[in-house]
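The following note is offered to a colleague who wishes to go through the structure point by point. Please read it with the sequence and the model at hand.

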Amino acid sequence: MKLDNLVRIDLNLLVILQVLLEEESVTRAANRLHVSQSALSKSLNRLRDTLGDPLFLRTAHGLKPTAHAIQLGKLLPQSLQSLYQLTLPPGFTPHNSTRQFSFAMVESAYETLLPNFIGTLLNRAPNLKLDSFVWSENSLQAIQQGQIDFGFAGRELHPQSAFQVDRLPDGIAHQTLFTDHQVCLVRQDHPILSTVTAGHWDLDIYLQMPHVQVRCEGNDWWALDYHLADLGHHRRLSTIVPDFYGAASVCAHSDLIFTLPASFAQHAKKLYPLVELPLPIEFIPLAYVLLWHERSAEDPGHRWVKEIICESVAKALSNSHN
């Protein structure tokens, strides 16, 4: 390595390159970096001169990275993370640390997981800044790129599901926090309740009912739908909504049935007049997992936060079962 060659490079330009690769738009990148578009364009020109490549081509749909820029994009996250590690103190002292950590969490886990560790973290490290975001189809990529420190997601155990634990992208590590099972919710006074009371509740009746479904990571089907399809069945997905609270509200004000993780059903029943029914079919559980990137393994602060999360959730779950 010729260290003297690095003197010619403004390392801030590498950060700008990473953001441009993620946003593929000068406007969005400038807004994210809190600089003017003109200033960002000048930085992009400096990058082009320094690296000897146009890096991006303007198209009707934004910036399209060149082959060289795409190759750089595979190396940058790890390199920037290593540079970031160099700026951190050699150890981590919770009570006076001012570090910032970010989380992306599936909505169904907010009520179940977040209250179990947020208080412990801030009691032991009161100056931390914790940013929380809703989990989306882009969250795994955000963890890979270092934008998000931790992800809390539901991973399905059905072999045909795209959301299995063993199908995580390269470099993403995980730890299972707890497993859950599916239940059903209907509104109070729903006509089906008299049928259930009479002892008639089976898969045929379940499939005849209209369903409200939550779209997860851009996908309308859950593992249950793949499983039913294997058996030659399909649910009547009458309404698909983007979030669990919305689905619970729809369920409470209609004759639609809502199938969901049992842990969230407990919170939904506190908000709406809903009745819980068992899922009328044997089905594999859902795993809620904590996700992070392997490159953070040697970061003492990251490791401390991860340990607090896992210990706090395990303790809360143990207490709830006693």
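1. Strands 8 and 10. The model discussed here is predicted. In it, strand 8 (residues 210-214) and strand 10 (residues 257-261) are paired in the parallel sense, over two bridges. At this pairing, His211 has Ile257 of strand 10 opposite it.

2. The sheet as a whole. Strands 8 and 10 belong to an open sheet of five strands in the order 9-8-10-7-11, and the pairing in this sheet is mixed. Its edges are formed by strand 9 (236-241) and strand 11 (274-278), each of which pairs on one side only. On average, neighbouring strands of the sheet are turned by 35° against each other, with direction ignored. Helix 11 (residues 244-252) packs on the sheet and touches strand 7 (182-187) as well as strand 8, strand 9, strand 10 and strand 11. The direction of helix 11 makes about 145° with that of strand 10.

3. Strand 7. In the strand order, strand 7 stands between strand 10 and strand 11. Towards strand 10 the pairing is antiparallel and comprises four bridges, with Cys184 opposite Thr259. Towards strand 11 the sense is again antiparallel, here over five bridges, and Leu185 stands opposite Glu276. Is strand 7 mostly covered or mostly uncovered? It is mostly covered, as five of its six residues are buried.

4. The nonpolar core. In soluble globular proteins, nonpolar side chains tend to be buried together. In this model the largest nonpolar core has 40 residues, and Phe117, Phe152 and Leu291 are those with the most contacts inside it. At least two core residues come from each of strand 3 (100-105), helix 6 (107-124), helix 7 (139-144), strand 5 (150-156), strand 6 (172-180), strand 12 (286-293) and helix 13 (300-321).

5. Phe117. Which residues does Phe117 touch, if those up to four places away in sequence are not counted? The contacts are with Phe103, Met105, Phe152, Ile309, Ser312 and Val313. One of these, Phe152, is also among the residues with the most contacts inside the largest core.

6. Ser139. This residue is found in helix 7. Ser139 counts as buried because its relative accessible area is 5%, against a cut-off of under 20%. Beyond residues up to four places away in sequence, Ser139 touches Ala104 and Val134.

7. The largest pocket. About 970 Å³ of space lies in the largest pocket. There are 34 lining residues, of which Arg32, Gln145, Gly146, Gln147 and Ile148 are the closest to the centre of the pocket. Helix 2, helix 3 (26-33), helix 5 (67-87), strand 3, strand 4 (129-134) and helix 7 each contribute at least two residues to the lining. Strand 3 and helix 7 also each supply at least two residues of the largest nonpolar core.

8. Cavities. The structure holds two cavities of 30 Å³ or more. The second largest has a volume of about 30 Å³ and is lined by Ile9, Asp10, Leu13, Leu14, Leu47, Thr50 and Leu51. Two or more of these lining residues come from each of helix 2 (12-23) and helix 4 (37-51). Which element gives the most to this lining? Helix 4 does, with three residues.

How values were computed. Residues numbered from 1 in each chain as written. Predicted model: local features only at pLDDT ≥ 70, side-chain atom pairs only at ≥ 80, totals over all residues. Heavy atoms only, no water. Pairing = 2+ DSSP bridges. Axes fitted to C-alpha atoms, helices over the stretch in contact; angles between N-to-C directions. Contact = heavy atoms within 4.5 Å. Core = buried A, V, L, I, M, F, W, Y, C linked by side-chain atoms within 4.5 Å. Buried < 20%, exposed > 50% of the residue type's maximum accessible area, 1.4 Å probe, protein only. 1 Å grid on protein atoms, 1.4 Å probe; cavity = no way out; pocket = protein on both sides within 12 Å on 5 of 7 lines; lining within 4 Å. Points joined across faces, edges and corners; volume = space filled by probe spheres on them.
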